[in-house]
Amino acid sequence: RVHVGDLATMTEQVFGAWSADRARGRDAIMLAPTRELVAQLNQRARDHRLEATFRPADEVALSDGNHASVGDTVITRRNDRRLQTAPTDWVKNGDRWTVLDTTGAGALVVRHTRTARRIVLPSDYVRESVELGYASTVHTAQGVSVDVTHALATGAESRQQLYTMMTRGRDANHLYLQVVGTGDEHEAIKPDTVHPRTATDLLETILARDDAPASASTLLREADDPAVLLGESTARYLDALNTAAATTVGTDNLLRLDETAEQLVPGMSDAPAWPTLRAHLTLLAAGGQDPVQVLTGAVTAREVDTAADPAATVDWRLDDTGMRNTATGPLPWIPGIPATLVTDPTWGPYLAARAQRVTDLASEVAASAVTAPTPAWAAQGTARPADDVLTAVAVWRAANQVEATDLRPTGPAHASKAAATYQRQLRSQI
């Protein structure tokens, strides 16, 4: 019941399997992760249906941007007790209908696919709350019941969403799981591309991801958890540091940096890693170095034309030249505050407080790791790791927001050199 491949291939398989089921007279539905993809599948399904007949003259515009005519399947997206189909029943979110007729005013005469009850959906309801019903998002499909389900999944779903995907069909439920990238060279440096996860890995991750509502006491407890706070504080420190550096360097100098990058390597500023490289160079500029000179030296040191992402390659080289900001950061793998920002009357105290917050939370996480039970990632061996290793890994996982269910000791691989180097050292210690 689980089919694997890249997203484009899986989308084709979903549509092909759905078409085959419909041709056999089975009531089938396609599920997709985004409303955009759902709208595309719906439009494709309608075009496929109309290939065997003539294009209708009377079409009604729907809320998803598509159109419906006689014979189409539509789905209602809003409960409305005023639209009664029986003394104790009414139009509900997730109901699927077959269009029997259209009116000149934009209303639809429809028949319920399960109960066969008929009703006229008024034009304002159609315009705001009716979509084509060949495909649906998972949330919309929670009240749907069909013969066969064909569902697309990316691995980012929760266990509740997976349950919905695998229980809508009375006869069969198929999951089409994206396990590889699209082949786009711009995705070459992403951790999941460098270290692709298997279908089993993705399904285990989905089953471990619970998005059920939490109680107020649970939310308060999580809000006071140093590990959660450390991840948030680390992200805020880095964001504040880069914002302060960009403000100090100035818009004109940053534009000059963008222009130089394009002159050196056409397309550099459109590369996925350009924001990371630009932030790196901005920090160097805030530290007193000439970012244009540093960039030029890194680009001309060796060729970059064959790199899938030239910005990522150049960013990696900056560490080779020892040009990363040498100030000590609150964590070993993140940069410290440049001297010009330390003395800045506005940014200096603010960044110092942010850095201190990270340092304090890291100390709390480290202290807790020593007294806490052996974590799940370390329980697979025959002995408990040394305390210094446990504390270092605990701080790393918390700062990088590695999920507790990820049994890889240091979580996903990092693309930036400073973090990747420290991560490699941690793995060696483990």
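Two strands count as paired if DSSP finds at least two bridges between them, and the strands themselves are DSSP runs of E with at least two residues, numbered from the N terminus. With that in hand, let us walk through this predicted model, where local features need pLDDT of at least 70, side-chain atom pairs count only at pLDDT 80 or more, and totals for chains, interfaces and linings use all residues. Residues are numbered from 1 along each chain as its sequence is written, and side-chain values use heavy atoms, leaving out hydrogens and water.

The protein chain holds 16 helices (DSSP runs of H or I, at least four residues) and 14 strands. Its C-alpha trace spans about 75 × 55 × 40 Å along the principal axes. Of the 430 residues, 43% are buried, meaning under 20% relative accessible area with a 1.4 Å probe, protein chains only.

Now look for an open sheet of five strands, in the order β10-β9-β8-β5-β11, with antiparallel pairing. Its edge strands, β10 (118-121) and β11 (130-132), each pair on one side only. Strand β5 (residues 73-76) joins β11 through three bridges, and I75 has E131 as its bridge partner there.

Finally, turn to the empty space inside. A cavity is a set of points on a 1 Å grid over the protein atoms alone where a 1.4 Å probe fits but cannot get out. There is one cavity of 30 Å³ or more, and the largest cavity holds about 40 Å³ of space, the volume filled by probe spheres set on the points. Its lining residues (an atom within 4 Å of a point) include W90, W97, H112 and R114.

How values were computed
On a 1 Å grid over the protein atoms alone, a cavity is a set of points where a 1.4 Å probe fits but cannot get out, and a pocket is an open set with protein on both sides within 12 Å along at least five of seven lines; lining residues have an atom within 4 Å of a point. Buried means under 20% relative accessible area, exposed over 50%, partly exposed in between (1.4 Å probe, protein chains only).
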